[in-house]
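Subject: Structure handover

Hello,

Here is the structure you will be taking over. Please open it first, then read the notes below.

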Amino acid sequence: MGHVCKHPRITKDSADVHIQVHIANATGREIKVEVEHFVRDGKGRIVAHSGKPSPVTIGLVGEDNQDLSVQSPELWSPDNPNLYEVETVIKDGVKVLDQYYTPLGIRKLEFSTEWGFRLNGEQTMIKGVCNHHDGGGAVGAAVPDDVLYYRLKQLKEIGCNAVRTAHNPHNPELYAFCDALGLMVLDEAFDGWNVPKGNSKFDYGLYFKDWWEKDMGNMVRRDRNHPSVIMWSIGNEVNSYTDEWQTKLASFVRKLDSTRPITEARGANGPALDIAGFNSEAEKIGTFENYHKQFPNRPLLGTEMPHTRQTRGVYLTQSKHPDAGSEGNKHAVPNLSAEEVFPEVSKYYSSSYDNDFMSANVRDQFKQNKRLPYLLGSFRWTGHDYLGEANNQWPARSKDKGIFDLAGIAKDHYFLYQSLWTKLPMVHILPHWTHPGKEGKNIPVVAYTNCKKVELFFNDKSLGEQTMGEDLQLVWQVPYLPGKLTAIAKDENGTVMAKTSQQTAGEPFEIKIVADKSVAKANRRDVVNLEITIVDKQGIPVPDDDHLVYFDIKGSGKLIGVDNGDVIDLSPTKNTSQRKVFKGKCVGLVQTTDQNGGIEVIVRSEGLKSGVLQISSV
């Protein structure tokens, strides 16, 4: 059984496009206007056109409906986010009264318990993340467009194909960026319904009954023309759930848009849903299977899973299962060593091995997605660390469940997801290989790869070749000595496909600056993302360095925020020009002014060679 969305007919030869326009007549008299639509492809060429007179009566909103056909349509997908644009022109004779531009993407959505999710007829696993609306510690909730776009591009790098807007509609730019980048969106309206969550005096639940219809209507009308939006969520972990309210909300959405299915996070038993959504409760063994036995005709979706924790650059070899419940319903992960190799790690930090999780780690949850045909995929909690929920204890300032830390710097899970979600040959090994004081102690070295085999070398001596199996990672126990670890990934025939290394760092020597762009517009809006790394004389990152660095920005730019991703560093991130690096790294965000000319960035620290970077501003 399945759900086929009620969008117009789409084939490889042609696609029907239905256009509905609401027109307000403010002239004070009854007039007849002509409504024209021009559909343009990505190169600006007109590929469809329609026009006819449309009478509009004074004082009312008139409605005009027209059907067009696009020949040989270029379909929208994460791999090929082909976009069209509809220009709507309203004329009174030859006089143009108004023009409006609407994004258009042509794609076909199908959902089934037999094969999961099909996009344009191709079976597709939803490889998603949940993200809050903030932009990390350096900017908070006031997120410049360039910061948002940069974060979305980071998700594409790991093979992510979908974003859940947890737990409210996000800013309009996000949907436009997702259209252009090829990220599908699960658009979520509310965190709860008519009962406030917690003890908040300002929770939306206090105003829900008066505002839900207006707010949800605005969201659906605003976002329904974005091809990236593939599904609506009417709530998250609703603690006032009733079938009546669920039916009321779902019916309202369907009146505004019948082309997308409706889900709800942890509202699995509701009768009004097209797709049953599950949060952390379904990380426990057997939850999906048991639900499917009861409701065999309903596709399932992991709306928020898995929940795993990592602190960038921190490693613990003993596994953790911090959630409540019996060990029997959690996915077991053996410890990587008999005793903790890194007992000195602060209790406020988490392990960057895939071994600190609620009930399922990344690899077990991915295997779940692959194994169950009625499971469409999942949205990991979260893509980026976020402000709030603060690891539930002082002095933490954020939640460390992201693939990227609060500064937007990649953790080791960046590479784990690449190994699971991408096809371009890659290999990554962890941890880093600078562990003074642990000479002779066995350190678990883990490899992530999407290749068949990996051979590990220490100082050019082979430590053995392993073949990737069910565990989705490879592990060697390596006695620590300073030197160089090299991992070579191979295909089934032994052909080298990818290579990486970790090398012991010397003393901190220099500051390295990497920017995401070398040219920025002098428009007071463009932002340059700077990643700062402390390296030794050979350019090897020093993984435990904690120097305090200072940012000097000269020319047509200004520093708008700094951060280092450390969940317990409470130093200011705004209105300051300094930041300690954490695990050898930090970031700075530079925004342009309206002056032409260059921007010079100098990052300095006592005892280190300064980093200097030139950025053109035009």
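A word on naming: helices (H or I, at least four residues) and strands (E, at least two) are DSSP runs, numbered from the N terminus. This is a predicted model, where local features need pLDDT of at least 70, side-chain atom pairs count only at pLDDT 80 or more, and totals for chains, interfaces and linings use all residues. Residues are numbered from 1 along each chain as its sequence is written, and side-chain values use heavy atoms, with hydrogens and water left out.

Start with the surface. W211 sits in helix α3, residues 208-223. Its relative accessible area is 41%, so W211 is partly exposed. (Buried means under 20%, exposed over 50%, partly exposed in between, with a 1.4 Å probe and protein chains only.) W211 joins F202, L206 and Y207 in a nonpolar surface patch. Together they have about 470 Å² of accessible area. Patch members have over 30% relative accessible area and no salt bridge; nonpolar side chains (Val, Leu, Ile, Met, Phe, Trp, Tyr) are joined within 5 Å, like charges within 9 Å. A salt bridge is a side-chain nitrogen of Lys or Arg within 4 Å of a carboxyl oxygen of Asp or Glu. Areas come from the Shrake-Rupley method with a 1.4 Å probe; for residues, only the protein chains shown count as cover.

Next, Y100. It belongs to strand β7, residues 95-104. Y100 counts as exposed because its relative accessibility is 55%. Leaving out residues up to four places away in sequence, Y100 touches V86, E87 and T88 (contact: heavy atoms within 4.5 Å).

Now the empty space. On a 1 Å grid over the protein atoms alone, a cavity is a set of points where a 1.4 Å probe fits but cannot get out; a pocket is an open set with protein on both sides within 12 Å along at least five of seven lines; lining residues have an atom within 4 Å of a point. Points are joined across faces, edges and corners, and a volume is the space filled by probe spheres set on them.

The largest pocket holds about 1,300 Å³. Its lining has 41 residues, with H18, Q20, T102, R224 and N225 closest to the centre. Strand β2 gives the largest share, nine residues.

There are four cavities of 30 Å³ or more. The largest has about 150 Å³ of space. It is lined by 16 residues; Y150, A407, G408, N529 and L589 are closest to its centre. The largest share, four residues, comes from α1.

Best wishes
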